[in-house]
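Student: I should like to go through this model and ask, for each descriptive term, what justifies its use.
Tutor: Let us do so, one term at a time.

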Amino acid sequence: DGLQRVFLEKRLQTREWQSLRKSQQATMTPEQVTLTPSERADLVKKLYNEAWAKGQITPAMLAANTNLVAAVAQIKSETPRIEKGATMLMKGTTLPAQSGSQAAAAAPASAKLPPITDPKEAVLVASIPVTDNDFEALVAERARAVRAYILATGKVDAKRLFVAENQTGGVRSDGSRVYLQFR
């Protein structure tokens, strides 16, 4: 779930970066883009609609994922009945106000993985595939971070500390393990 959410954040930042002018793109990278809650909500909605149109989100995928039942129910009930302006004037009603739930649902990009409250975002996150290669890349990045931390303390000589490659057999699914070997 965490990797899927990180991938979605990167996708949102990249999409917003692509919408910037060339001069603005030259001064920053996609990772430096910060999204306002309304920009984030709009981008989530666009990406959700694109994923649905491309077949990345299907009724079969939604039915297979029991964790998404509540989110799917909210999305289906979200589609309001649209009345024409003349009908609304005749009834004496005003234009519907935009609900604050979507704006409140999105947190700034600087926050670390805000809780998902938007049902479209929950479905979009669940539709992002994560492969064994993605997990291996995460493991390698964590190993580099641990190595850098140990070297920063200055208590271990750099010649004595190295990160071994992944053993054959790929990613293990029987739990988290870290092997520390001294030579």
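**Terms and their grounds**

Tutor: We may begin with Leu35, which is located in the loop between α2 (22-27) and α3. Please bear in mind throughout that this is a predicted model.

Student: Why is Leu35 called buried?
Tutor: The relative accessible area of Leu35 is 5%. Buried means under 20%, so Leu35 is buried. As to its surroundings, the C-alpha atoms of Leu35 and Gln13 are 7.4 Å apart, with these positions 22 residues apart along the chain counted as their separation.

Student: What makes Ile116 partly exposed?
Tutor: Ile116 has a relative accessible area of 29%. The term buried requires under 20% and exposed requires over 50%; Ile116 is therefore partly exposed. Ile116 belongs to the loop between α7 (100-105) and α8.

Student: Which residues does Ile116 touch, leaving aside residues up to four places away in sequence?
Tutor: They are Arg5, Glu121, Ala122 and Val125. Arg5 is 111 residues from Ile116 in sequence, and their C-alpha atoms are 9.3 Å apart in space.

Student: What makes α8 mostly covered?
Tutor: Six of the eight residues of α8 are buried. These are Pro119, Lys120, Glu121, Val123, Leu124 and Val125. For the protein, buried residues make up 22% of the 183 residues.

Student: How are two packed helices described?
Tutor: The angle between their axes and the distance between the axes are used.

Student: Why are α1 and α8 called roughly perpendicular?
Tutor: α1 and α8 pack at an angle of about 110°, and their axes are 9 Å apart. Angles of 65 to 115 degrees count as roughly perpendicular, and the description of α1 and α8 therefore follows. On the side of α1, Gln4, Arg5, Leu8 and Glu9 take part, meeting Glu121, Leu124, Val125 and Ala126 of α8. By class, the residues of this contact of α1 with α8 are four nonpolar, one polar and three charged.

Student: What makes α3 oblique to α8?
Tutor: The axes of α3 and α8 cross at roughly 50° and come within 9 Å. That angle is neither under 35 degrees, nor over 145, nor in the range of 65 to 115, which means that α3 is oblique to α8. The crossing of α3 and α8 is left-handed.

Student: Which residues make the contact of α3 with α8?
Tutor: α3 contributes Arg40, Val44, Lys45, Leu47, Tyr48 and Ala51, while α8 contributes Lys120, Glu121, Val123 and Leu124. The contact of α3 with α8 has six nonpolar and four charged residues, and no polar ones.

Student: Which residues have the most contacts inside the largest nonpolar core?
Tutor: That core has 20 residues, and those with the most contacts inside it are Leu8, Leu12, Ile57, Leu62, Val123 and Leu124. At least two core residues come from each of α1 (2-18), α3 (37-54), α4 (59-64), α5 (69-78) and α8 (119-126). With five residues, α3 gives the most to this core.

Student: What does Val123 touch, not counting residues up to four places away in sequence?
Tutor: Val123 touches Tyr48, Ile57, Met61, Leu62, Leu68, Ala71, Val72 and Ile75.

Student: How many helices and strands are there in the protein?
Tutor: The protein has nine helices and zero strands. Among its contacts between residues at least 6 apart in sequence, 66% join residues at least 24 apart.

Terms used: Residues are numbered from 1 along each chain as its sequence is written. This is a predicted model: local features need pLDDT of at least 70, side-chain atom pairs count only at pLDDT 80 or more; totals for chains, interfaces and linings use all residues. Side-chain values use heavy atoms; hydrogens and water are left out. A nonpolar core is a set of buried Ala, Val, Leu, Ile, Met, Phe, Trp, Tyr and Cys residues joined through side-chain atoms within 4.5 Å. Buried means under 20% relative accessible area, exposed over 50%, partly exposed in between (1.4 Å probe, protein chains only). Helices (H or I, at least four residues) and strands (E, at least two) are DSSP runs, numbered from the N terminus. Contact means heavy atoms within 4.5 Å. Axes are lines fitted to C-alpha atoms, for helices over the stretch in contact, and angles run from 0 to 180 degrees between N-to-C directions. A crossing is left-handed if the near helix is turned anticlockwise from the far one by less than a right angle, and right-handed if clockwise. Ala, Val, Leu, Ile, Met, Phe, Trp, Tyr, Cys and Pro count as nonpolar, Asp, Glu, Lys and Arg as charged, and the others, Gly among them, as polar.
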